[in-house]
Amino acid sequence: YDPAHGLQQVFSFLGTWVDGVKWNITITDSFGSVKVGAGDVSLLAPNYALTLDQRVYLVAGNKFYMSSIADPTGWNEHNVGAGFVKVSDWYSAPQDLVALASYQGKIAVFSSSNISIYEINADPDLFAKVQTLTNIGTEASLSVQSFGDIDVVFLHSSGFRSVQTRDSYENAIVVDTGSAIDLIIQPLVAQY
């Protein structure tokens with residue numbers, strides 16, 4: 001027993017290992033069951049996480065992953081609602097994703113030079129890209145902040161910008177919200 005982590009168990013796997021073989025262990029107690037083992041997010045190095053609508057989202061490489069609905073520990077394909085979306089970039093080579101934000105009931109997916117907006121669905125296979133904003137993005141993942149559900153502010157190399165709705169069709173545009181401080185911010189951003 002470790003007071004910082006609770007009860008600990010040691011498991012041993014015996015036999016001959018073959019490439020591609022995966023293992024898992026199901027632990028059951030009075031609170032329910034938890035499956036431990038290799039899954040869709042195993043060995044990933046995610047660089048951003050977002051909780052939204054009873055799911056956890058992670059970005060790693062050019063994909064964003066979603067946990068099972070109402071289960072932040074369920075990432076395997078058998079967990080209802082878990083999956084991933086590979087963000088294709090028709091405008092240039094695919095880039096690593098940087099951040100995510102809630103935007104008008106959708107999810108805005110940021111890379112350093114594009115913002116893709118996806119329609120959310122309970123089924124990961126039904127996520128649909130509805131718009132791409134090209135030649136704008138961020139490298140500062142922690143600068144991406146949703147304000148309410150209609151505005152997302154982020155830091156671009158030219159200063160602070162905002163994703164907002166342009167018209168009654170809910171098409172997104174990028175607005176220069178940082179004009180008052182851009183001359184101060186630009187030299188600081190250029191240092192990095």
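This is a dialogue about strands, cores and aromatic pairs in a predicted model.

Student: Why is H156 called buried?

Tutor: The relative accessibility of H156 is 17%. Buried means under 20%. So H156 counts as buried.

Student: Where does H156 sit, and which residues does H156 touch beyond four places in sequence?

Tutor: H156 belongs to strand β12, residues 151-156. Beyond four places in sequence, H156 touches N135, I136, G137, R161 and V189.

Student: What makes the pair of H156 and S158 a polar contact?

Tutor: Their side chains make the contact at 2.8 Å. The cut-off for such N or O pairs is within 3.5 Å. The value of 2.8 Å therefore meets the distance limit.

Student: What makes β12 a mostly covered strand?

Tutor: Six of its six residues are buried. D151, V153 and L155 point one way from β12, while V152, F154 and H156 point the other way. Both sets are buried.

Student: How do you know that β12 pairs with β11 and with β13?

Tutor: Pairing needs at least two bridges. β11, residues 145-147, and β12 have three bridges, in the antiparallel sense. β12 and β13, residues 159-165, have six bridges, also antiparallel. So each count satisfies the rule.

Student: Which residues stand opposite each other there?

Tutor: Q145 faces V153 in β12. D151 is opposite Q164 in β13.

Student: How many residues lie between the strands in each hairpin?

Tutor: The hairpin of β11 and β12 has three residues between its strands, and G148 there takes a positive phi near 65°. From β12 to β13 the hairpin runs through two residues.

Student: Why are β3 and β6 said to stand at the edges of their sheet?

Tutor: The open sheet has four strands in the order β3-β4-β5-β6, with antiparallel pairing. β3 (48-52) and β6 each have a single partner strand, so one side of each is left without a neighbour in the sheet. From one strand to the next, the twist averages 20°.

Student: How do you know that β3 and β4 pair?

Tutor: They share five bridges in the antiparallel sense. The rule asks for at least two, so β3 and β4 pair. L52 stands opposite R55 in β4.

Student: How many aromatic pairs are there, and why is the pair of F64 and F127 called tilted?

Tutor: The count is five aromatic pairs. The ring centres of F64 and F127 are 6.1 Å apart, with planes at 55°. Centres must lie within 6.5 Å. Planes under 30 degrees apart count as stacked, over 60 as edge-to-face and the rest as tilted. So F64 and F127 form a tilted pair.

Student: What parts does the pair of F64 and F127 tie together?

Tutor: F64 lies in β5 (residues 63-66), and F127 in the loop between β9 (114-119) and β10 (128-134). The pair therefore ties together parts that are 63 residues apart in sequence. F64 and F127 are buried.

Student: What makes Y65 and F84 an aromatic pair?

Tutor: Their rings are 5.6 Å centre to centre, with 40° between the planes. The distance is within 6.5 Å and the angle is neither under 30 nor over 60 degrees, so this is a tilted pair. The pair links distant parts of the chain: Y65 in β5 and F84 in β6 (residues 83-86), 19 residues apart.

Student: Why is Y65 called buried and F84 partly exposed?

Tutor: Y65 has 6% relative accessibility, so Y65 counts as buried. F84 has 39%. Partly exposed runs between 20% and 50%, so F84 counts as partly exposed.

Student: Which residues form the aromatic cluster?

Tutor: Y57, F64, Y118 and F127 form one cluster.

Student: Which residues have the most contacts inside the largest nonpolar core?

Tutor: They are Y57, F64, L100, I107, F110 and V163, in a core of 30 residues. β7 (97-103) and β8 (106-111) are among the strands that each supply at least two residues. The largest share, six residues, comes from β7. A second, separate core of five residues includes V56, L58, Y65 and W75.

Student: Why is V87 called buried, given its place in a loop?

Tutor: V87 lies in the loop between β6 and β7. At 6% relative accessibility, V87 is under the 20% limit, so V87 counts as buried. Beyond four places in sequence, V87 touches N62, F64, L97, V109, S116 and Y118.

Terms used:
Residues are numbered from 1 along each chain as its sequence is written. This is a predicted model: local features need pLDDT of at least 70, side-chain atom pairs count only at pLDDT 80 or more; totals for chains, interfaces and linings use all residues. Side-chain values use heavy atoms; hydrogens and water are left out. Buried means under 20% relative accessible area, exposed over 50%, partly exposed in between (1.4 Å probe, protein chains only). A polar contact is a pair of N or O atoms within 3.5 Å; within protein, one must be able to donate a hydrogen and the other to accept it, and residues adjacent in sequence count only if both atoms are side-chain atoms. Contact means heavy atoms within 4.5 Å. Rings of Phe, Tyr and Trp (its six-membered ring) pair if their centres lie within 6.5 Å; planes under 30 degrees apart count as stacked, over 60 as edge-to-face and the rest as tilted. Axes are lines fitted to C-alpha atoms, for helices over the stretch in contact, and angles run from 0 to 180 degrees between N-to-C directions. A nonpolar core is a set of buried Ala, Val, Leu, Ile, Met, Phe, Trp, Tyr and Cys residues joined through side-chain atoms within 4.5 Å.
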